[in-house]
Every structure is written in C-alpha cells, then in structure tokens.
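Hi everyone, thanks for making time today. I'd like to walk you through a structure you may not have seen before, so let's put it up on the screen.

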Amino acid sequence: MIQIRGLYKYYGPSRAIGPLDVEVQAGQVVGLLGENGAGKTTTLRILACDLLPSAGQVAVDGFDVVDHPDEVRARVGYLPDKPPLYPEMTVREFLVFAARLKRVSKQDAPRRVAEVAEQTGIGARLDQVIGTLSHGFQQRVGIAQAIVHRPKFVVLDEPISGLDPRQIVEMRHLIRGLAGDHTVLISSHILSEISQTCDRLLVIRDGVIVADDSEAAIVNRTLGGMRLSLLVGGLDISALRALLEELDGLELGELGKEGAGVRAQVRTASDQRARIARKVVEAGAELLELGRSEHELESVFMRLAEGSAYAEKRPDGRDGGAR
Amino acid sequence: MAALGNVALIAGRELKAYRRSPLGAIVVSGMLLMSGILFYIFGLSADRLLSAEVLRQFFYNASGPLMIACPLLSMRLVAEERQTGTLTLLNTSPVTDAQIVLGKFLSALCVITLATLLTAYMPALIFVNGKVSVGHILVGYLGLLLLGSAAMSIGLFASTLARSQVVAVVITALILGPLVTLWLLAKVTDPPLNTFLGALSLHHENFKPFMDGVLRLDAVAYYLAVTVFFLLAATKVLEARRWR
C-alpha cells in the first residue's frame, strides 16, 4: 500500500505540491491527472525516491521514502516521462543491467529479462540497439526496466505521451496487463488517455488533490450527470426529438444531421444508455452509435483544472474529494 | 558484498560505454600521441642526458597530457546521464550515491590506467642505450596513476555539478589549474605560507619525488586525500540534488 500524508515539496520558495494525502491500495490502477505543472511528476519522483519531500510522510509497504529509500526502491518500478535508456546498449544488455541494479540475481536476470520482454512485446527486439528503436518501442523498454525486478508498485509518468494512436491502444493493453501483478500509478494530463485504463482517478491541481474517485463518479458529480451522444438513422431531426422527449430524465441538447443519420446530444442524471437504445430500436429506427459524449471528458477536466466546485458534498454527506 | 557488486556493475557499464563511444579512443590516442611527441623532443632528441634524467623527463612530460585527458574522460560521467535522463535509473534503483560515484570513478580510472600503461614502451626504449632502475619506473608510474586518480576525482566532482559536459570541463579546469600552479605562488610568498602552498600543489612539490623514483608516503597520502575528498564531495552533491 502507498500512503502519502501531509506531503509538501518546495522548489526554493515556491510550493510544487502540498498538502497531499493519498492512499493507494494494492491491486489498483490509479490515474494521476493534472495539467502540466500541477505536481504530478514531482509526486511520482518522490514516490520513486528520485526526490526527497520537504515535509510529510510517504510510505510504500510501510517503508518511509526518507528513512528506508532502498527498501522503497526495491518495491517501486518507475518510468519517468523520458525513458531512462542508454542508446548505445542493446535492449537485452540494458534490461540485464537494470535487473542487476534492482537486486535480481545474476542467474535470474536473463530469465527475468526474457519474461518482461515477452510481457511488453519487445521479444523480437532484444538484440537491437536501443538508439535505433522507435519511440513506442523505447517506451516499452522503459516499462520493461520498471517491472524487471517484479516490483509491487509500478509508477508510470505519462507513458502514453507522444505515441501514435495504434501505439496508444497497445500501451493501454500493456498497462492493463500489469494490473494483475502490480499496483499501478499512471500520470497524464489528458483525461481521455487514462480514463479507460484506470480504476480510480486522482485529479491534482496546484499540488493538491481536488478529486479522488472513479471516472464515472467524477464525471457525474462534476457535470451533474452524464453527457451522451447518439447517432440515429431512419429518423429526421424532429422525429428523433419527439422520440427522445418521450423518455423521462433526459435533457435534450443539440440535434443535427450527420451523414446518413441525425446526431443528438443528451444529458442524463444517471446512465440511461440501455433505455435510449431500446426506445430507438422499438421505434424501428437504426441506432448507429450511442456513447459518452466526446467532449464530456474534456469538459470535466477543464472544470477541474479551472477549479470549479467539484468539492461539493457527496450524496452520502462526505467531502467530494477536495483536500 | 552487494555494495561491491553494485559498484562493479556500474563500473562495468561505464567501461562498455567508453569502449563504444569514440571519445575514449580519441582521448587515449591523443594522450599517447602527446606523450610520445614530448618524449621524443625532450627525452630522445635532447643533448646527452643520463638515463635517469631521461626517465625523469618522461614522467614530467607524461603528467601534462594525463592531466588534460582526465577532465575529458570524466566530463561525461554524471553530466551526460543527467542530460539524457538516465541518472533517474540509477537514482531510483537500490544503489547508494556513494556506489554510483565509486563505480563511475573506477571505470574512468581503469581507462586512464590503461592509457598510462600504454606509454610503457617509452621507458623501455631507455634500456636500448642506457640503464635505469625498475624501481624508478614503478614509482614514477605510481605517481602518474595517483596524479590521474586525483585529477579524475576532481573531474567527476565537476561532472556532478554541471548539466553540460562542456561546463564540467571548464569547472575541472578552474579547480585543476590553480591546484597545479600553487607552486608558482609558493615561490613568491614567504615562509610559512610558501611551504603550505607548496604542499598543497597538485603537481610540483608532490609529484617531484615520484619523477625522481623516490617513494614518499606524504606525497602518496596527499594524492589519496585529494581523491577521497573530491569523491566525497561528488557523493554529497548527488545526495543534495534529491533535496533540491
């Protein structure tokens, strides 16, 4: 378990983070989300023992980062925003070096390297010089070095940044694949990039956690419901409007022609996707698309980044996550 | 044991990096070339000299290229890692800053030792027409290695301070230069200051005994002290950077 209590980090007189209080339970995939300069990298660097905190406590599996840094380092695998790779080494040489640095025995290192190479999809590149690899493969090698010593916790700083769409999908699969064996903490400044990967999101602004919940809960609380977008064929704008108005609890947004169908934006207090789908199909129309609005996540992130009130009281009376 | 293993691991990687980059080969070649030219001009082409004097001249001439080579070999040790971001790998692995510094230092020391030993053909040439004591040769080489060790530790310290390799070389020069030329200051000052400045001089007072084939423990202790001091300083700089 990762425990962060009253953490502060100052760079000279300026406060980078704090006060920060977070607990991450074993087995979770947690996303740390915030704008550039919000304090994500500083938080992760402290967790990885690359930086020391100015005040507060950070413990990994009960070991404090200041008092027992080597114990923490042995339990944490860290991928910084720029993978720490020696370009002149081959992937195999580098991973064996990283494994040995992280207390993997000389006998076990080659076997462990073969395992992580398989896991991260770089098995065919093991004898290639790192400097000649594409950005996507370098990122994979970076992840491989982070997990080569079987750490309990894997900390990834913007692992998806700079990847092309195909690499992003592959990277998401890779990160989800880590979830079984490791507790994963990923940072990003783009909500849509990590929302599909994480069980829990921590939103950080000016060094303080302003939201801490699942993506759905954060979206619902921030926007006061869900924003859905549907594309329907076989109906014109007025017919679709009439159809949707028959459903309770739906707030209709914009409707307009899009290709062969009509696109409608609706807002709901709770997840009404099943009801909407049934209604459209029963009306004999073609449901071409139904999902969360593309702009929903951006809108949530903008609101949180700007500091609009997420910290409303939860329905259960608890604080909304702002600390 | 684990600590020694970490030091050996880091030193091994650095040695491979020297072998793969052109820098190591260029610096070592340059050092050998300069030493060879100086030996030819001042040792072989000079007026008739006693064999011991030729050997003495050789050690004196070899110390210059050695002190130039050290900052060029050490400049990349930490500055390059910081520049490329690979220092993070070392910082976030269960190795101490002292192990990082020692591993890097030993790798650079290996390279400069190899380069120094490659000059051995020059003293060997003296045996063609003359005779010198093997002890003189061994003590002279010990002096060169101790001087190289001190200069390398200064270079490594400078490399921990700088993000750019060029800046690291400049910082090394700014430390090495005054330390080497302290004996000049000693010449123009009165006792007891001149004795103090002379004893602190990196080259003249402390290197002369080795050139003459005299093994003086105070000179050995001086070079070891300089080496340990700057290695400790480098370790403290790395530690301090985590508190930034």
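Let's start with confidence, since this is a predicted model. Within chain A, the lowest confidence falls in helix α11, residues 294-306, with a mean pLDDT of 72. The highest is found in α3(A), at 97. Taking chain A as a whole, the mean pLDDT is 87, and 94% of its residues reach 70 or more. There is one stretch to treat with care: over residues 311-323 of chain A, pLDDT stays under 50. The model has 23 contacts beyond four places in sequence for that stretch. As a general point, where pLDDT is low, the predicted coordinates should not be read in detail. Chain B averages a pLDDT of 92, with 99% of its residues scoring at least 70. For the complex, the predictor gives an ipTM of 0.89 and a pTM of 0.85.

Now let's go back to α3(A), which spans residues 91-101. Is this helix mostly buried or exposed? Nine of its 11 residues are buried, so α3(A) is largely enclosed by the rest of the structure. Among those buried residues are A:Phe94, A:Leu95, A:Phe97 and A:Leu101, and A:Arg100 is buried as well. And what covers them? From chain A, the cover includes α4 (109-120) and α5. From chain B, it includes α1 (2-20) and α5 (87-91). Just after the helix, A:Arg103 takes a positive phi of about 70°.

That brings us to the place where the two chains meet. How many residues does each chain bring to the contact? Chain A brings 23 residues and chain B brings 17. On the chain A side, α2 (69-75) and α3 each supply at least two residues. The biggest giver there is α3(A), with four residues. As for the chemistry of that side of chain A, 14 of the residues are nonpolar, one is polar and eight are charged.

Next, please find the sheet in chain A. Six strands form an open sheet in the order β6-β7-β8-β3-β9-β10, and the pairing is mixed. Why do two of these strands have a side without a neighbour in the sheet? β6 (76-79) and β10 (208-213) of chain A stand at the edges with a single partner strand each, so one side of each is left free of neighbours in the sheet. On average, neighbouring strands here are turned by 15° against each other, direction ignored. Helix α5 of chain A, residues 135-147, packs on this sheet and touches β6 and β7 (153-157). The direction of α5(A) makes about 165° with that of β6(A).

Let's zoom in on β9(A), since we can follow its pairing on both sides. As a reminder, strands of a sheet pair through backbone hydrogen bonds, either parallel or antiparallel. With β3 (residues 29-33) of chain A, β9(A) runs parallel, and four bridges join the two. There, A:Leu33 stands opposite A:Val203. With β10(A), strand β9 (residues 200-205) pairs in the antiparallel sense over five bridges. The bridge partner of A:Val203 in β10(A) is A:Ala211, and that of A:Leu202 is A:Asp212. β9(A) and β10(A) form a hairpin with two residues between them. In that turn, A:Asp206 has a positive phi of about 50°.

One more stop in chain A: A:Gly284, in the loop between α10 (273-282) and β14 (286-292). Is A:Gly284 buried or exposed? A:Gly284 is exposed, since just 8 other C-beta atoms lie within 10 Å, and 12 or fewer counts as exposed. Its C-alpha atom is separated by 42 Å from that of A:Val30, 254 residues apart along the chain.

Finally, over to chain B. Its secondary structure comes to 13 helices and zero strands. Does its size agree with a compact globule or disagree? For 244 residues, such a globule would have a radius of gyration near 18 Å, and chain B has 19 Å, which agrees. Along the principal axes, its C-alpha atoms fill a box of roughly 60 × 45 × 35 Å. Buried residues make up 45% of chain B. Among its contacts between residues at least 6 apart in sequence, 79% join residues at least 24 apart.

Thanks for listening, and please feel free to turn the model around yourselves.

Terms used: Residues are numbered from 1 along each chain as its sequence is written. Chains are lettered from A and ligands numbered from 1 in the order in which they are written. This is a predicted model: local features need pLDDT of at least 70, side-chain atom pairs count only at pLDDT 80 or more; totals for chains, interfaces and linings use all residues. Two strands pair if DSSP finds at least two bridges between them. Axes are lines fitted to C-alpha atoms, for helices over the stretch in contact, and angles run from 0 to 180 degrees between N-to-C directions. Two residues are in contact if their C-beta atoms, placed from the backbone, lie within 7 Å. Ala, Val, Leu, Ile, Met, Phe, Trp, Tyr, Cys and Pro count as nonpolar, Asp, Glu, Lys and Arg as charged, and the others, Gly among them, as polar. The radius of gyration is taken over C-alpha atoms; the globule rule is 2.2 Å times the number of residues to the power 0.38. A residue is buried if 20 or more other C-beta atoms lie within 10 Å of its own, exposed if 12 or fewer, and partly exposed in between; C-beta atoms are placed from the backbone. pLDDT is the predictor's confidence in each residue, from 0 to 100.
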